[in-house]
Amino acid sequence: WFLNIIQDEFMNGKIDLHSTMKLLEKLHITFDVAHVKHVFKKTVDKRKVHTINIEDFRAIYRTIVHRTEFHELFCAYSPNHKILADTELIEFLKKEQFQTEDSEIRALEIILKYEPVEEVRKRRQLSFEGFIRYMSSEDCSIFKKDHRTVYQDMNHPLCDYFISSSHNTYLISDQLIGPSDLFGYISALLKGCRCLEIDCWDGSNNEPIVYHGHTLTSKISFSSVIHVIDKYAFAASEYPVILSLENHCSTKQQEVMAKHLEDILGDKLLTSTIGDSVVTQLPSPEALKFKILVKNKKVGTIEETMLRKGQDSHGETGEISEEEYSSEEDETDEKAPLQPKGNSSKRKGENKPSSTPRKKAKIKKIKIAIELSDLVIYTKSEKFVSFEHSLANQKCYENNSIGEVKARKFVKHSGNEFVSHTSRFITRIYPKGTRTNSSNYNPQEFWNVGCQMVALNFQTPGVQMELQNGKFLDNGGCGYILKPEFLRNHSSTFNPYNVGRYSKPMSLSIRLISGHQLPPSNLSKTNKADPLVQIEIYGVPEDQVKRKSSVIKSNALSPRWDETFSFTVQVPELALIRFCVEDEISLVANEFLGQYTLPLLSLSKGYRNVPLFSKNGGKLEPASLFVYVWYY
């Protein structure tokens with residue numbers, strides 16, 4: 001089989017590096033150019049030539065493809081070390097891969113899909129070549145197969161889901177002088193983001209513009225943003241998109257916004273209630289499929305909006321009164337980082353968040369065009385006063401935005417009330433205004449109390465976005481994840497700082513076996529690195545843990561660890577696990593090579609490959625880790 005595929009290339013006796021790579025592609029092998037280059041160079045350097053013969057190629061192929069850890073496994077189930085009969089493969093699937101149902105059918109599928117040698121395939125057997133291809137495939141990925149599609153119940157009210165949410169989506173760099181760009185919206189939507197933020201300001205020629213107000217970030221037109229959203233809204237997911245409007249426009253330009261929303265989005269725009277006009281609970285993501293919702297301040301109730309249907313409201317405005325409290329030494333308004341801050345000298349005893357504001361201040365009146373107000377159906381923005389105030393006054397379709405600083409204090413000091421609040425009302429968290437470099441906070445602490453929209457700067461790589469991307473891999477990457485029951489139940493007393501009876505401990509063991517074609521170190525002139533792996537768990541405070549493997553010196557092609565890590569996780573429903581591969585540069589510094597993050601409950605048992613992603617979220621194929629996962 002092998003010679004049949006390659007011999008034509010060696011008609012003239014020898015081939016160069018370029019042909020070597022072409023031949024590997026012909027054999028359906030994914031490879032890292034740096035590694036093939038180096039292995040090739042090692043082969044030819046001995047002879048001071050730049051070509052190799054057929055035997056050299058076989059040796060290079062074996063170095064890259066025939067992994068010893070795969071061979072050990074294969075030989076453990078293959079009596080003659082050459083072939084796995086279907087019965088032996090079935091035994092392997094049951095014992096090692098925990099494939100108890102339909103293992104006979106599964107074994108046949110694997111043979112048909114991965115066995116490259118025709119006569120072996122016909123005998124319903126698997127050669128080592130087929131076994132390698134199966135072990136390196138998506139079918140052996142650490143991420144559970146049935147979590148790669150939508151599998152959760154999508155018929156709960158919207159507030160029962162974590163919703164993938166972006167902050168200042170139009171920015172692709174920093175928050176002060178960087179560019180605003182439509183690409184911010186395209187890339188967020190392609191990543192499955194379901195809640196986008198649009199900062200709207202009056203522009204010239206009566207055309208609203210989008211930019212970060214009071215800063216030097218560049219401006220784009222509101223209509224161009226809506227056109228892009230119209231085009232890409234449902235590219236990655238069919239579930240509803242929510243446009244969070246940060247509205248600074250005059251009522252005249254608010255009417256222009258309303259017209260653009262209606263004209264450009266057409267039927268996609270939700271402009272009336274589904275079914276009953278008296279709203280007692282939010283509709284579900286399922287009921288809102290392919291719909292775009294506007295989140296903005298609103299005059300009056302949904303019922304009043306529905307009564308106005310069909311009437312011309314042009315030129316009509318309404319007014320909303322909001323009380324502003326001066327005791328909020330919170331965020332420096334997220335919207336205007338360049339404006340002078342008020343007197344922020346903290347008084348003693350102010351670090352506990354007061355749920356009853358201390359100093360009453362001025363009443364702020366906000367004018368809203370009725371035409372825009374009437375486009376707000378299930379997502380009406382309400383200023384957050386206190387948990388008690390919301391419980392007594394807030395309607396199910398009213399939601400709050402809370403800055404990270406204030407929200408963090410609530411998490412620490414009033415976890416129970418926070419959970420009770422988010423079980424009823426959609427709550428959006430946003431980064432503090434001082435994060436002018438678009439840095440992110442750790443979203444986990446706010447997911448822990450059930451906050452639905454934890455808005456992050458999608459353009460900023462780092463652990464925070466890796467947690468975001470890892471969490472939302474779940475449920476088919478559709479951007480909606482059903483919250484655990486204890487974060488949906490109105491009478492829940494869950495507190496992430498004291499989980500008590502809500503603990504369902506999970507025992508987890510991960511054997512880190514090896515790495516394969518890891519990215520070489522930036523310091524290496526060849527294909528070397530000194531890799532180590534950190535395995536980290538993010539979840540409720542008592543589940544947070546980091547473990548480190550040993551360092552394998554100067555081997556990025558095939559480092560071997562064989563180390564086992566054991567964890568006990570109290571609240572697995574909220575936990576994420578992150579594998580981070582680093583290159584040890586010195587005793588005090590490591591360089592990031594790649595990472596993979598996924599929900600703990602999406603782990604597959606058995607021998608699994610862990611794909612790796614770059615800092616910017618790109619797949620580093622074929623770089624991967626090989627692990628054995630077990631839990632109960």
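**A tour of the domain 2–domain 4 contact and strand 7**

In this predicted model, the centres of domain 2 and domain 4, taken over C-alpha atoms, are separated by 26 Å. Select both domains to begin: 15 residues of domain 2 and 13 residues of domain 4 take part in the contact. For the selection ranges, the domain assignment places domain 2 at 68–140 and domain 4 at 502–631. It also lists domain 1 (1–65) and the two-segment domain 3 (158–308 + 363–487).

Remain at this interface. The accessible area lost when parts come together is often used to give the size of an interface. Here domain 2 and domain 4 bury about 1100 Å² between them, with 45% of it on carbon and sulfur atoms. Next, display the side chains of R560 and E72, which meet in a salt bridge at 2.9 Å, N to O. The rule finds one salt bridge across the interface of domain 2 and domain 4.

Now move to strand 7 and select residues 241–247. Is this strand largely enclosed or largely open? Five of its seven residues are buried, so strand 7 is largely enclosed by the rest of the structure.

Add strand 4 (residues 195–201), which pairs with strand 7 in the parallel sense over six bridges. Within this pairing, C200 stands opposite N247 of strand 7.

Then add strand 8 (residues 292–295), which runs parallel to strand 7 and is joined to it by four bridges. Here the residue opposite I242 is L293 in strand 8.

Finally, select helix 12 (residues 251–265) together with strand 7 and strand 8: these three elements make a right-handed β-α-β unit.

Note on methods:
Residues numbered from 1 in each chain as written. Predicted model: local features only at pLDDT ≥ 70, side-chain atom pairs only at ≥ 80, totals over all residues. Heavy atoms only, no water. Buried < 20%, exposed > 50% of the residue type's maximum accessible area, 1.4 Å probe, protein only. Helix = DSSP H or I, 4+ residues; strand = E, 2+ residues; numbered from the N terminus. Pairing = 2+ DSSP bridges. Right-handed = clockwise from strand over helix to strand, strands pointing away. Domains from an automatic or database assignment. Contact = heavy atoms within 4.5 Å. Buried area = accessible area lost by both parts, 1.4 Å probe. Salt bridge = Lys/Arg side-chain N within 4 Å of Asp/Glu carboxyl O.
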